[in-house]
Amino acid sequence: MISIRKLSKAFTVSDGKVAALKSLDLEVAEGDFFVIVGASGSGKTTLLRCVAGLESPDGGEIRIAGRAVFSDIPPTWIPPQQRSLGMVFQSYAVWPHLTVFENVALPLREGAQKIPRAEVDGRVREALRMVQLDEQKDRSATLLSGGQQQRVALARAIAVNPRVLLMDEPLSNLDARLREEVRGKIRDLAKQLGATVLYVTHDQIEAMAMADKIAIMSLGRLLQYGEPMELYRRPNCAEVADFFGSVNWLTGRLSGSKIVETRIGRLEVSLRGDPGLEVLIGFRPECLQIVDGSRRSGGNAFEAVLRSSTFLGDQFVYEAFVNHVLVTGKSRLIPARDDRRLQLYIDPAEIMVFPYSESKDRI
């Protein structure tokens, strides 16, 4: 549905040029809820604006439903209003002097699609019904809550019957509880419409909750994309692993096939490599198991001393020293005995292994 090839974009700043997109390739399948995540400055919003036609790329190609909307060879540029897209911005962008109905109807009445006036009323009512605002249609948009105003913006986007919806951090101005409520409505609505969604956010939890596929960007490049579970369990680099939550990082050296010597002891891993190779290994806190010492011994089992634990309702988050190295774990078990000693175990399949050059300042 959306095909991007070798897309590049640079901005001129006071001390030269900054590359926002660096020869980026991306494929979004029809009907996918595709989320782009990354820290500020990663290029995710620039990418979305290039697809929308609000930014002109420097090179590459963008195709939507097989149609080239931008290309440098041959030179092609389709203006935003002719790309058959709906877009929802971070700001609600409602017109304060209009009612909810009029806010949704205005692009249909005045836009490039030239919708017959007889159809406008039906389209607006259906869009408002889908976002559950049909009973608010005669109210001033400024009298609505933040979540309701964002749903007005969503209704305005879907009223034009787009095949592709673009969303630029649409929930960032909402409080945490309202974000959770509205993100569920957006995903359900997108599936109901059968629309292809390209959604930008900096929130990894939001991305995991909504996406069919996730792409992670950093400094204008695409690090990895795939299904949420794939990115969480099998990241292709340490930066991707870090983005999706906390990780216990250790440096080590392979002493044999699938064996790494570390500061907490010898660890069995699932990766084969040449002896002597320096590596960076990581394991997530929930992968650190508290076990009965009488039932677990040998590889990947360690004695630890509890430093602290915090009860969060559904689990404990704890810190413990293993050979004077502080590690963080999560468990539904109470991580405490009278002597504050623990027996910990790490499944080799849960240990991520990367080249040592990626360690940077983690250790």
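This is a short walk through a predicted model, from the whole chain down to single residues.

Let us begin with the overall picture. The protein chain has eight helices and 21 strands. Its C-alpha atoms fill a box of roughly 75 × 50 × 40 Å along the principal axes. The chain counts 363 residues, and 48% of them are classed as buried. If you look at the contacts between residues at least 6 apart in sequence, 65% of these join residues at least 24 apart. A search of the whole structure also turns up 15 salt bridges, and we will visit several of them along the way.

A good place to zoom in is helix H3, which runs over residues 117-130. How far should a helix of 14 residues span at 1.5 Å a residue? The expected value is 20 Å, and the end C-alpha atoms of H3 are 21 Å apart, so the two agree. The buried residues of this helix are Val120, Val124, Ala127, Leu128 and Met130. Viewed down the axis of H3, these buried residues fall within an arc of 155°, and they therefore line one face of the helix. That face does not lack company: what covers the buried residues of H3 includes helix H2 (100-110), helix H4 (146-158) and helix H5 (176-193). After the helix comes Gln132, which has a positive phi, near 60°.

H3 also carries charged pairs. Side chains of opposite charge can pair when their charged atoms come close. In H3, Arg125 forms a salt bridge with Asp121, and their closest N and O atoms are 2.8 Å apart. The spacing fits the helix, because Arg125 and Asp121 are four residues apart in H3 and thus separated by about one helical turn. Arg125 counts as partly exposed, with 40% relative accessibility, and Asp121 is partly exposed too, at 33%. A second salt bridge joins the side chains of Arg129 and Glu126, at 2.6 Å from N to O. These two residues of H3 are three residues apart, which is again about one turn of the helix. Arg129 is partly exposed, with a relative accessible area of 40%, and Glu126 is likewise partly exposed, at 36%.

Salt bridges are found beyond H3 as well. Arg266 pairs with Glu261, with the closest N and O atoms 2.7 Å apart. Here Arg266 is exposed, having a relative accessible area of 53%, while Glu261 is partly exposed at 30%. Elsewhere, Arg187, Lys191 and Asp212 are linked in a network of salt bridges.

Now for a charged residue in another setting. Where does Arg284 sit? It is in the loop between strand S15 (278-283) and strand S16 (288-290). Arg284 is buried yet has no salt bridge. The nearest side chain of opposite charge is that of Glu286, 4.8 Å away; a salt bridge would need a nitrogen and a carboxyl oxygen within 4 Å, so this pair does not qualify. What the side chain of Arg284 does have is a polar atom 3.0 Å from the backbone oxygen of Ala241. Ala241 is also one of the residues in contact with Arg284 once its neighbours within four places in sequence are left aside. The others are Tyr232, Phe244, Gly245, Ser246, Val247, Asn248 and Met352.

Phe244 leads us on to Ile214, since it appears among the contacts of that residue too. Ile214 lies in strand S10, residues 213-218. Is Ile214 buried or exposed? Ile214 is buried, with a relative accessible area of 0%. Apart from neighbours within four places in sequence, its contacts include Val35, Val37, Ala207, Met208, Gln224, Tyr225, Gly226, Pro228 and Leu231. For a sense of distance, take Thr251: Ile214 and Thr251 are 37 residues apart in sequence, and their C-alpha atoms are 28 Å apart in space.

Our last stop is Asp314, found in the loop between strand S17 (301-311) and strand S18 (316-322). Asp314 counts as exposed, with 54% relative accessibility. Arg332 stands 18 residues away from Asp314 along the chain, and the C-alpha atoms of Asp314 and Arg332 are separated by 6.9 Å.

Key: Residues are numbered from 1 along each chain as its sequence is written. This is a predicted model: local features need pLDDT of at least 70, side-chain atom pairs count only at pLDDT 80 or more; totals for chains, interfaces and linings use all residues. Side-chain values use heavy atoms; hydrogens and water are left out. Buried means under 20% relative accessible area, exposed over 50%, partly exposed in between (1.4 Å probe, protein chains only). Lys and Arg count as positive and Asp and Glu as negative; His and the chain ends are not counted. A polar contact is a pair of N or O atoms within 3.5 Å; within protein, one must be able to donate a hydrogen and the other to accept it, and residues adjacent in sequence count only if both atoms are side-chain atoms. Contact means heavy atoms within 4.5 Å. The expected span of a helix is 1.5 Å times one less than its number of residues. The arc is that of the directions from the helix axis to the C-beta atoms.
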